[in-house]
Amino acid sequence: MPRSKVLASALTTALGLGLAVSLGASPAAAAPDDRAVSPANAKVAYAGSAEEAKANQAFFDAVVKSVAKKRAAAPGAAAVTVVYSASNAPSFRTQIARSTQIWNSSVVNVRLVEGSNPDFHYYEGNDSRGSYASTDGHGSGYIFLDYRQNQQYDSTRVTAHETGHVLGLPDRYSGPCSELMSGGGPGTSCRNAQPNAQERARVDQLWRYGLASAFKG
């Protein structure tokens, strides 16, 4: 299980399929981390915590504020657009596209679109923490997709799960395979990449009312 580290710089929160609370900037130039992953870390343990719950909220808040700054001039639009960049995760373009399609067909109050001036980025590489979503504390967010974890678990589920954090959903490791945000809790045999009815409703609620609050902030 990863440990929190204190640096001289501001706190960076990280979370995801592999519980990750880390500090520092986003992956430098999207360069993969080629450090070997030890057998002990071959599979990431799954456990929730109050610290992780705060990390989920911090990342979502960062994305919402980024979107709100660009949308303040048109607050009455039917759906909120969250822009992402997949240029730094070329190996996962198919999974990212599938994840985007899954979420865009599941909710109505927010849409994911690839484009310039993104609200968050996808990166890829090797990390003993597994895949996670993070914010650098300055309104910039990213999703890191770990090679090894995406080989062990259904890769589209991993990507859709991490994207769920962008949309405001917390981890629920004790949940069944039918819950997307149960992540790796149900084991490597779980291949469900679809959010259930409760998860879809929660995202729609957050982006209908949560964004309105962000405009006021």
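Biologist: In which element of the protein chain is confidence lowest, and in which is it highest?
Modeller: This is a predicted model, and its confidence falls to a mean of 36 in strand β1, residues 13–15, whereas α2 has the highest mean, at 98. Over the protein chain the mean pLDDT is 74, with 62% of the residues reaching 70 or more.

Biologist: Over which residues does pLDDT stay under 50?
Modeller: Residues 1–26 stay under 50, although the model has 83 contacts for them beyond four places in sequence. Residues 28–47 are likewise below 50, and that stretch has 37 contacts in the model beyond near neighbours in sequence.

Biologist: How are the elements of the protein chain ordered from the N terminus on?
Modeller: The order is β-α-β-α-β-β-β-β-α-α-α, which amounts to five helices and six strands. Of the 217 residues, 50% count as buried, and among contacts with a separation of 6 or more, 67% are between residues 24 or more positions apart.

Biologist: What makes a set of residues a nonpolar core, and which members of the largest one touch the most other members?
Modeller: The members must be buried residues of certain kinds, Val, Ile, Trp, Phe and Tyr among them, joined through side-chain atoms within 4.5 Å. The largest such core has 31 residues, of which V82, I96, W103, F120, Y122, V203 and W207 touch the most other members. Two or more residues come from each of α1 (50–71), β2 (80–88), α2 (93–106), β3 (110–114), β4 (120–125), β6 (141–146), α4 (155–166) and α5 (197–216). In soluble globular proteins, nonpolar side chains tend to be buried together.

Biologist: Which residues does V82 touch, not counting residues up to four places away in sequence?
Modeller: The residues that V82 touches are V63, V67, V110, R111, L112, V113, D119, F120, V166 and W207.

Biologist: How do you know that C177 and C190 are joined by a disulfide?
Modeller: The two sulfur atoms must lie within 2.5 Å of each other, and in C177 and C190 the S to S distance is 2.0 Å, so the pair meets the definition. A search of the whole structure finds one disulfide. Both C177 and C190 are in the loop between α4 and α5, 13 residues apart.

Biologist: Why is the disulfide of C177 and C190 called right-handed?
Modeller: The torsion about the S-S bond of C177 and C190 is about 85°, and therefore the disulfide is described as right-handed.

Biologist: Why is C190 called buried, and why is C177 called partly exposed?
Modeller: Buried means under 20% relative accessible area, and partly exposed means between that value and 50%. The value for C190 is 4%, so C190 counts as buried, while C177 has 28% and is therefore partly exposed. Leaving aside residues up to four places away in sequence, C190 touches D154, R157 and C177. The C-alpha atoms of C190 and S178, which are 12 residues apart along the chain, are separated by 8.6 Å.

Biologist: Is G183 in the loop between α4 and α5 buried or exposed?
Modeller: G183 lies in that loop, and with a relative accessible area of 3% G183 is buried, the cut-off being under 20%. A distance of 9.6 Å separates the C-alpha atoms of G183 and A193, 10 residues apart along the chain.

Biologist: How many aromatic pairs are there, and why is the pair of Y84 and F120 called tilted?
Modeller: The count comes to seven aromatic pairs. The ring centres of Y84 and F120 are 6.0 Å apart and the planes meet at 35°, so the pair is tilted, since stacked would need under 30 degrees and edge-to-face over 60. Y84 is in strand β2 and F120 in strand β4, 36 residues apart, and both Y84 and F120 are buried.

Biologist: What makes the aromatic pair of Y132 and F144 stacked?
Modeller: The centres of Y132 and F144 are 5.3 Å apart with 20° between the planes, and planes under 30 degrees apart count as stacked, so that name applies to the pair. Y132 belongs to strand β5 (residues 132–135) and F144 to strand β6, 12 residues apart, and both Y132 and F144 are buried. Y132 and F144 also belong to one aromatic cluster with Y123 and Y142.

Terms used. Residues are numbered from 1 along each chain as its sequence is written. This is a predicted model: local features need pLDDT of at least 70, side-chain atom pairs count only at pLDDT 80 or more; totals for chains, interfaces and linings use all residues. Side-chain values use heavy atoms; hydrogens and water are left out. Buried means under 20% relative accessible area, exposed over 50%, partly exposed in between (1.4 Å probe, protein chains only). Helices (H or I, at least four residues) and strands (E, at least two) are DSSP runs, numbered from the N terminus. Contact means heavy atoms within 4.5 Å. pLDDT is the predictor's confidence in each residue, from 0 to 100. Rings of Phe, Tyr and Trp (its six-membered ring) pair if their centres lie within 6.5 Å; planes under 30 degrees apart count as stacked, over 60 as edge-to-face and the rest as tilted.
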